[in-house]
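Please open the model in your viewer, with the chain drawn as a cartoon and side chains hidden for the moment. The stops below suggest what to select next and describe what you will find there.

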Amino acid sequence: MFDKEVFIRGKHAAYIRSLRDKAKVFERYLDAYILAPIIGFLYGRTAEPDKSSEDAANINVVQIISVSDTLKFIYRLIMLVDESIAKDPEVRINKAFKDDTDEEALNENMKIFNSYVLGGLEVLYEKFSEGCVTEDDFLDKVYEFVENFYADSCVSPEMLKGKVEEYIY
């Protein structure tokens with residue numbers, strides 16, 4: 001898990017490239033890959049891989065491995081709290097922690113995780129592409145996004161910690 005090069009294709013490659021190169025929201029594709037599943041989950045947005053073009057953005061394996069602990073944490077958190085996967089907490093706990101050794105189950109779980117990555121890229125692209133021309137426009141959008149996210153979020157760090165501890169203990 002998180003020990004291979006990541007390939008983002010089609011429109012999502014164009015989105016991640018725009019977020020890095022045009023909007024300058026992210027310094028690296030890796031940074032977008034880390035944040036996108038969280039955004040996708042919180043916005044309830046998933047997406048299927050786009051196969052309409054050969055356009056690609058790759059994140060090399062060295063970068064992925066360097067943040068594999070962070071990615072595993074995000075992966076496990078999504079598996080634990082996503083009730084659309086299963087209503088039964090025991091099933092979600094198994095997906096988060098026990099499916100790592102079952103290649104078929106892990107591949108299925110990674111499809112779920114990556115669907116949130118792609119959905120999150122779509123949300124981020126939409127937020128930072130509309131009405132942005134100058135660098136100041138992009139900065140204003142970043143500020144607005146963070147401010148709105150914080151205001152709309154009913155998830156405090158304490159609440160999140162409590163939810164995680166509820167499933168673990």
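In what order do the elements of the protein chain run from the N terminus on? Colour the cartoon by secondary structure and follow the predicted model from its start: the order is β-α-α-β-α-α-α-α-α-α, made up of 8 helices and 2 strands. If you then display contacts between residues at least 6 apart in sequence, 77% of them join residues at least 24 apart.

**First stop: the two strands**

Select E1 (6–9) and E2 (56–59), which run antiparallel and are joined by 4 bridges. Within this pair, Val-6 stands opposite Ile-59 in E2. Now show the side chains of E1, which alternate along the strand: Val-6 and Ile-8 point to one face and are buried, whereas Phe-7 and Arg-9 point to the other face and are not buried.

**Second stop: the nonpolar core**

Of the 169 residues in the chain, 39% count as buried, and the largest nonpolar core has 43 residues. To find your way into this core, select Phe-2, Ile-8, Tyr-33, Ile-59, Ile-64, Phe-113 and Leu-121, the residues with the most contacts inside it. Both strands supply at least two residues of the core, as do, among the helices, H1 (11–22), H2 (29–42) and H7 (135–152). The largest share, 11 residues, comes from H6, the helix spanning 103–129. In soluble globular proteins, nonpolar side chains tend to be buried together.

**Third stop: Tyr-33**

Which residues does Tyr-33 touch, leaving aside those up to four places away in sequence? Centre the view on Tyr-33 and show its surroundings: its partners are Phe-2, Val-6, Ile-8, Ile-59, Ile-64, Leu-71, Phe-113, Asn-114 and Val-117. Val-6 and Ile-8, which you have already seen on the buried face of E1, are thus among the residues that Tyr-33 touches.

**Last stop: the largest pocket**

Keep Tyr-33 selected and add Phe-7, Met-110, Lys-111 and Asn-114, since these five lie nearest the centre of the largest pocket among the 32 residues that line it. The space in this pocket is about 950 Å³. E1 and H6 each supply at least two residues of the lining, and the largest share, 9 residues, comes from H6. Colouring the lining by class shows 13 nonpolar, 7 polar and 12 charged residues. H6 therefore deserves a last look in the viewer, as the helix that gives the largest share of the core and also the largest share of this lining.

Methods
Residues are numbered from 1 along each chain as its sequence is written. This is a predicted model: local features need pLDDT of at least 70, side-chain atom pairs count only at pLDDT 80 or more; totals for chains, interfaces and linings use all residues. Side-chain values use heavy atoms; hydrogens and water are left out. A nonpolar core is a set of buried Ala, Val, Leu, Ile, Met, Phe, Trp, Tyr and Cys residues joined through side-chain atoms within 4.5 Å. Buried means under 20% relative accessible area, exposed over 50%, partly exposed in between (1.4 Å probe, protein chains only). Contact means heavy atoms within 4.5 Å. Two strands pair if DSSP finds at least two bridges between them. On a 1 Å grid over the protein atoms alone, a cavity is a set of points where a 1.4 Å probe fits but cannot get out, and a pocket is an open set with protein on both sides within 12 Å along at least five of seven lines; lining residues have an atom within 4 Å of a point. Grid points are joined across faces, edges and corners, and a volume is the space filled by probe spheres set on the points. Ala, Val, Leu, Ile, Met, Phe, Trp, Tyr, Cys and Pro count as nonpolar, Asp, Glu, Lys and Arg as charged, and the others, Gly among them, as polar.
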